[in-house]
Amino acid sequence: MDLLQQIVARAKSNKQRIVLPEATEERTLRAADWATADDIADIILIGNPAEIKAKAAEWGLKNVDKITIIDPENNPKSEEYAQLLAELRKKKGMTIEQARELVTKNPLYLGCMIIKTEGADGQISGALSTTGDTLRPALQIIKCTPGITCVSGGLLLISKEKQYGEDGVLVVGDVAVTPMPDADQLAQIAVCTAQTAKSVAGFAEPRVAMLSFSTKGSAKHEVVDKVIEATRLAKEKDPSLKIDGELQADAALVPSVGAKKCPDSEIAGKANVLVFPNLEVGNIGYKMVQRLGDAVAIGPILQGIARPVNDLSRGCSVEDIYYMIAITACQAMDAKK
């Protein structure tokens, strides 16, 4: 069973309630139908029921009648949601009229309100919306995980080179959100990416390498100092975390190089989680591995939000959305622990 099959199997084992607010978008509705047929989650669609059912009939979808559909224009909980949203945002000047507009006209806000009031466990959008549109209501309503102030993007990187990571699987971050993290933010990214490795990739023991162009003092620079400080802070935040840095990528991944450059490290040569020093390095690095190394990249998976809210590429496929439903379900299970 490959990693994606394992993720789907975990989702099936403890079904979560996942909101898809872009319900009339074709890829989204097809993925919802597929996920329902495979019983990987209880899907909640937001939109006009007649329009959704008409599109499902047009596209030959057979399972939409089994899905919960919430009509934002005729929702008995609209006023409850509006009152709570106005209360949550009153310090930012939101009026009750503005809150009512958001919960009836903006499905991404409505989805987050459903999660906030424990009517759902996670949300996925982005087939039609920007990353900012996806993140804004999540951060305003659901907010960050306690102790976390920095949202980041983790990624599953699956290589044919089975000797690296966990049988060829690496979890890496940040590849999507925070351009230039400071030491504390980088430490948070390390803790969150290790958590993604557990909850999504199923790693029993994340082994985190904090990457740099230096290994244990081989080079001196303020950006190296940041990685060293981030490693120290990550250990403070999670004393049980297996982590080391600063490490060059070869020292982190290749046992012979790790043994030579860093013989006393329990991570060097054995890392299965890689934390990049900034977004530029992370984004460029994973895309080069994906293209030149023929690796499979799954994500980004948003990290650090108290309940999972994930962002899709607007160029995503039906299959991408299907697997993101399963990934979000696995995150939701972990968030309840």
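The largest pocket here holds about 610 Å³ of space. Keep in mind that this is a predicted model. A second pocket follows, with about 450 Å³, and after the pockets come the nonpolar cores, the cysteines, some backbone oddities and a look at Arg-207.

**The largest pocket**

- Lining this pocket are 29 residues, and those closest to its centre are Ile-298, Gly-299, Pro-300, Ser-313 and Met-324.
- Three elements give two or more residues to the lining: helix α13, along with α12 (279–292) and β10 (296–303).
- Out of these, β10 gives the most, with six residues.
- Sorted by class, the lining has 16 nonpolar residues, eight polar ones and five charged ones.

**The second largest pocket**

- This pocket has 21 lining residues, and Thr-145, Cys-192, Gln-195, Gly-304 and Asp-334 are the closest to its centre.
- At least two lining residues come from each of α8 (183–199), β10 and α13.
- Here α8 gives the most, with five residues.
- The class split for this lining is nine nonpolar, eight polar and four charged.
- If β10 and α13 sound familiar, that's fair: they turn up in the lining of the largest pocket and again in the lining of the second largest.

**The nonpolar cores**

- In soluble globular proteins, nonpolar side chains tend to be buried together.
- The largest nonpolar core has 64 residues, and the members that touch the most others are Ile-43, Leu-45 and Ile-325.
- Helix α13, spanning residues 318–335, supplies the largest share of this core, nine residues.
- Take Leu-45 as an example: setting aside neighbours within four places in sequence, its contacts are Leu-20, Ala-23, Leu-29, Ala-32, Ile-52, Ile-67, Thr-68, Ile-69 and Ile-70.
- There is also a second, separate core of 27 residues, with Ala-138, Ile-141, Leu-302 and Ile-305 among them.

**The cysteines**

- You won't find a disulfide in this model; the count is zero.
- For Cys-144, the closest cysteine sulfur belongs to Cys-150 and sits 8.1 Å away, so the two are too far apart for a bond.
- Cys-150 is in no disulfide either, and its nearest cysteine sulfur, in Cys-192, is 7.6 Å away.
- A disulfide needs the two sulfur atoms within 2.5 Å.
- Cys-144 is partly exposed, because its relative accessibility is 24%.
- Cys-150, on the other hand, counts as buried, at 3% relative accessibility.
- Cys-192 has come up before, as one of the residues closest to the centre of the second largest pocket.

**Backbone oddities**

- Most residues other than glycine have a negative phi, and most peptide bonds are trans.
- One exception is the bond joining Gly-173 and Asp-174, which is cis with omega at about -10°.
- Asp-174 sits in the loop between β6 (169–173) and α8.
- Another cis bond runs from Gly-299 to Pro-300, with omega near 5°.
- Pro-300 is part of strand β10, and both Gly-299 and Pro-300 are among the residues closest to the centre of the largest pocket.
- Asp-39 has a positive phi, near 60°, although it isn't a glycine.
- You can find Asp-39 in the loop between α2 (26–38) and β2 (42–46), where its 40% relative accessibility makes it partly exposed.
- Lys-143 has a positive phi too, near 70°.
- Its place is the loop between α7 (131–142) and β5 (152–158), and Lys-143 is partly exposed as well, with a relative accessible area of 34%.

**A closer look at Arg-207**

- Arg-207 belongs to strand β7, which covers residues 207–211.
- Is this residue buried or exposed? Arg-207 is buried, because its relative accessibility is 15% and the cut-off for buried is under 20%.
- Which residues does Arg-207 contact, leaving aside neighbours within four places in sequence? They are Gly-165, Glu-166, Lys-242, Ile-267, Lys-270, Ala-271, Asn-272 and Val-273.
- Measuring along the chain, Arg-207 is 50 residues from Leu-157, while their C-alpha atoms are 15 Å apart in space.

How values were computed:
Residues numbered from 1 in each chain as written. Predicted model: local features only at pLDDT ≥ 70, side-chain atom pairs only at ≥ 80, totals over all residues. Heavy atoms only, no water. Buried < 20%, exposed > 50% of the residue type's maximum accessible area, 1.4 Å probe, protein only. Core = buried A, V, L, I, M, F, W, Y, C linked by side-chain atoms within 4.5 Å. Helix = DSSP H or I, 4+ residues; strand = E, 2+ residues; numbered from the N terminus. Contact = heavy atoms within 4.5 Å. 1 Å grid on protein atoms, 1.4 Å probe; cavity = no way out; pocket = protein on both sides within 12 Å on 5 of 7 lines; lining within 4 Å. Points joined across faces, edges and corners; volume = space filled by probe spheres on them. Nonpolar A, V, L, I, M, F, W, Y, C, P; charged D, E, K, R; others polar.
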